[in-house]
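Trainee: Got a minute to go through the charged pairs in this one with me?
Mentor: Sure, put it up.
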Amino acid sequence: MKPDVLVLYPLREKAMAQIEERYTLHRWDLAEDRRAFLDDVGARCTAVVTNGHTLIDVALLDQLPNLKVICASSAGYDMIDVDALQDRGIRLTNTSDALFDDVADLVAGDVGLEVGFDRRD
C-alpha cells in the first residue's frame with residue numbers, strides 16, 4: 001500500500017505524475033468541502049505537498065495528526081506556522097535558495113527594462 005500524501009497546492013504536471021506513482025495523492029486543492037475532505041483522509045496523510053503561500057496553521061495541523069513532513073515547492077514559507085511544526089516534530093522542506101539566482105536575474109532584467117523605458121521618456 002502506498003503512503004498517503006495531502007496535496008494543498010499542486011506541483012507541475014510531470015512532478016505530480018511522478019509522485020503519484022509512489023504515493024496515494026489526496027487533492028485538497030480540488031475538494032469542494034475541504035473540512036469534510038480532511039475529516040475523511042486527514043488522519044491517513046503523513047506528508048503534505050504545497051507551496052509556501054498556502055496557509056498551514058494549527059487548525060489545519062490538528063486535522064493531520066500523523067503528519068511527518070511538509071514539502072513546499074517554493075523558497076518562501078511565510079504562511080506556514082513553523083513553531084507549530086517544531087512543537088509537533090514535523091519536518092519542513094522547501095527549495096531553499098535554489099531559485100535566488102533566477103529571481104535576481106529576473107529582477108535585474110525588469111529593472112533594466114524600466115531604466116530603458118525611463119530613458120526614452
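Mentor: We'll take the salt bridges one by one; keep in mind that this is a predicted model.

Trainee: How many salt bridges are there?
Mentor: The count comes to three.

Trainee: Which residue does arginine 44 pair with?
Mentor: Aspartate 4. The closest N and O atoms are 4.0 Å apart.

Trainee: Where do those two sit in the chain?
Mentor: In distant parts, 40 residues apart. Aspartate 4 is in strand β1 (residues 4–7). Arginine 44 is in the loop between α2 (34–41) and β3 (45–50).

Trainee: And aspartate 4, buried or exposed?
Mentor: Buried, because its relative accessibility is 10%, and the cut-off is under 20%. Arginine 44 has 41%, so it counts as partly exposed.

Trainee: Next one. What does aspartate 29 meet?
Mentor: The side chain of arginine 27, in a salt bridge at 2.6 Å, N to O.

Trainee: What are the accessibilities there?
Mentor: Aspartate 29 has a relative accessible area of 17%, so it is buried. Arginine 27 has 29% and is partly exposed.

Trainee: Now the helices. Which residue forms a salt bridge with arginine 88?
Mentor: Aspartate 62. The closest N and O atoms are 2.8 Å apart.

Trainee: Which helices does that pair link?
Mentor: Helix α3 (residues 58–62) holds aspartate 62, and helix α4 (residues 82–88) holds arginine 88. The two residues are 26 residues apart, in distant parts of the chain.

Trainee: Why does arginine 88 count as partly exposed?
Mentor: Because its relative accessibility is 38%. Partly exposed lies between the 20% and 50% cut-offs.

How values were computed
Residues numbered from 1 in each chain as written. Predicted model: local features only at pLDDT ≥ 70, side-chain atom pairs only at ≥ 80, totals over all residues. Heavy atoms only, no water. Helix = DSSP H or I, 4+ residues; strand = E, 2+ residues; numbered from the N terminus. Buried < 20%, exposed > 50% of the residue type's maximum accessible area, 1.4 Å probe, protein only.
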